[in-house]
Amino acid sequence: MPALARRMDLRARVAPPSEPRPEWYDPVRKQYRADLVLDSLVERRADRSAWTLAILAGDLFVPGFNYVFGQATVDGCCAIIGLHRLRPEFNGEPADEACFRRRVLTEAVHELGHVAGLGHCPDPRCALHFSSTVADTDLKGPDLCDRCRQRVRSRLNG
């Protein structure tokens, strides 16, 4: 959590875990609908001034896509990331906790960048660059480019 707070220049706290709702899960696909999770996060948030980042151990999708690493309410309040496809073992790689944590941090920064109101960045090394594969996530890493970092700071301080 400190690495995320540093990259986004924000204070963070960890809320108690909650169980996924059955209606979020598609048993045929064996995946959770990220859009339904987001709707629920928006509805139930208690602190209207805080952003919420949900982390789900499962696999996420939205209609029209085979999978997503995460989704956010752009210029909104909430985001979610799914851990399933970020694990090296999912892609046939050996277990690597450092690699997994870096991927989680990268996608968390990416989705919170969207919550801050930013779109995808054309810089392939920026965390806000679009990832269609985990290799894209590995290439870009968890840091924002200077332009996106400044835009996030101005949104947070604006």
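**Entry 1. Terms and model**

I take contact to mean heavy atoms within 4.5 Å. I note at the outset that the structure is a predicted model.

**Entry 2. Overall fold**

I looked up the secondary structure and found 5 helices and 6 strands in the chain. I read their order along the sequence as α-β-β-α-β-β-β-β-α-α-α. I then checked the radius of gyration, which is 15 Å and close to the 15 Å that the globule rule gives for 158 residues, so the chain is as compact as a globular protein of that length. Along its principal axes, I recorded a C-alpha trace spanning about 45 × 35 × 30 Å.

I next asked what share of the chain is buried. Buried residues make up 42% of the 158 residues. For the accessible surface of the chain I noted about 8,900 Å², with carbon and sulfur atoms holding 52% of that area.

Among contacts with a separation of 6 or more, I found that 60% join residues 24 or more positions apart. I also looked up the charges: the chain has 23 positive and 21 negative ones, and their mean positions lie 4 Å apart.

**Entry 3. Nonpolar cores**

I recall that nonpolar side chains tend to be buried together in soluble globular proteins. Which residues of the largest nonpolar core touch the most other members? This core has 27 residues, and I listed L4, M8, V109, C126, L128, L144 and C148 as the ones with the most such neighbours. I traced at least two core residues to each of α1 (2-8), β6 (78-82), α3 (97-115) and α5 (146-157). Helix α3 gives the largest share of the core, 7 residues.

I followed L4 in particular. Setting aside neighbours within four places in sequence, I found L4 in contact with L53, L105, A108, V109 and L112. I also noted a second, separate core of 14 residues, which includes Y32, A34, L60 and V62.

**Entry 4. Helix α2**

I asked which residues of α2 are buried. They are A34, D35, V37, L38, S40 and L41. An α-helix has 3.6 residues a turn, so residues three or four places apart point the same way. I found that the buried residues of α2 pack against β2 (31-33), β3, β4 (60-61), β5 (70-72) and β6.

I examined two of these residues in turn. V37 sits in helix α2. Because buried means under 20% relative accessible area, V37 at 3% relative accessibility counts as buried. Beyond residues up to four places away in sequence, I see V37 touching W24 and I80. I also read off the C-alpha separation of V37 and Y67, which is 14 Å for a pair 30 residues apart along the chain.

S40 likewise has its place in helix α2. I counted S40 as buried because its relative accessibility is 3%. Apart from residues up to four places away in sequence, S40 touches R21 and W24. I looked up one further pair: the C-alpha atoms of S40 and R151 are separated by 28 Å, with their positions 111 residues apart along the chain.

**Entry 5. Two loop residues**

I turned to R45, which lies in the loop between α2 (34-44) and β3 (52-56). Is R45 buried or exposed? R45 has a relative accessible area of 19%, so I recorded it as buried, the cut-off being under 20%. Leaving aside neighbours within four places in sequence, I found R45 in contact with A50, T52, C77 and C78.

I placed P17 in the loop between α1 and β1 (25-26). The relative accessibility of P17 is 81%, so I counted this residue as exposed; the cut-off for exposed is over 50%. P17 and A54 are 37 residues apart along the chain, and I read a separation of 9.1 Å between their C-alpha atoms.

**Entry 6. T137 in helix α4**

I last looked up T137, which lies in helix α4 (residues 134-140). With a relative accessibility of 1%, T137 counts as buried. Which residues does T137 touch, not counting those up to four places away in sequence? I listed F69, R103, T106, E107 and S131.

Definitions and conventions
Residues are numbered from 1 along each chain as its sequence is written. This is a predicted model: local features need pLDDT of at least 70, side-chain atom pairs count only at pLDDT 80 or more; totals for chains, interfaces and linings use all residues. Side-chain values use heavy atoms; hydrogens and water are left out. Helices (H or I, at least four residues) and strands (E, at least two) are DSSP runs, numbered from the N terminus. The radius of gyration is taken over C-alpha atoms; the globule rule is 2.2 Å times the number of residues to the power 0.38. Buried means under 20% relative accessible area, exposed over 50%, partly exposed in between (1.4 Å probe, protein chains only). Accessible areas come from the Shrake-Rupley method with a 1.4 Å probe; for residues, only the protein chains shown count as cover. Lys and Arg count as positive and Asp and Glu as negative; His and the chain ends are not counted. The place of a charge is taken as NZ of Lys, CZ of Arg, CG of Asp or CD of Glu. A nonpolar core is a set of buried Ala, Val, Leu, Ile, Met, Phe, Trp, Tyr and Cys residues joined through side-chain atoms within 4.5 Å.
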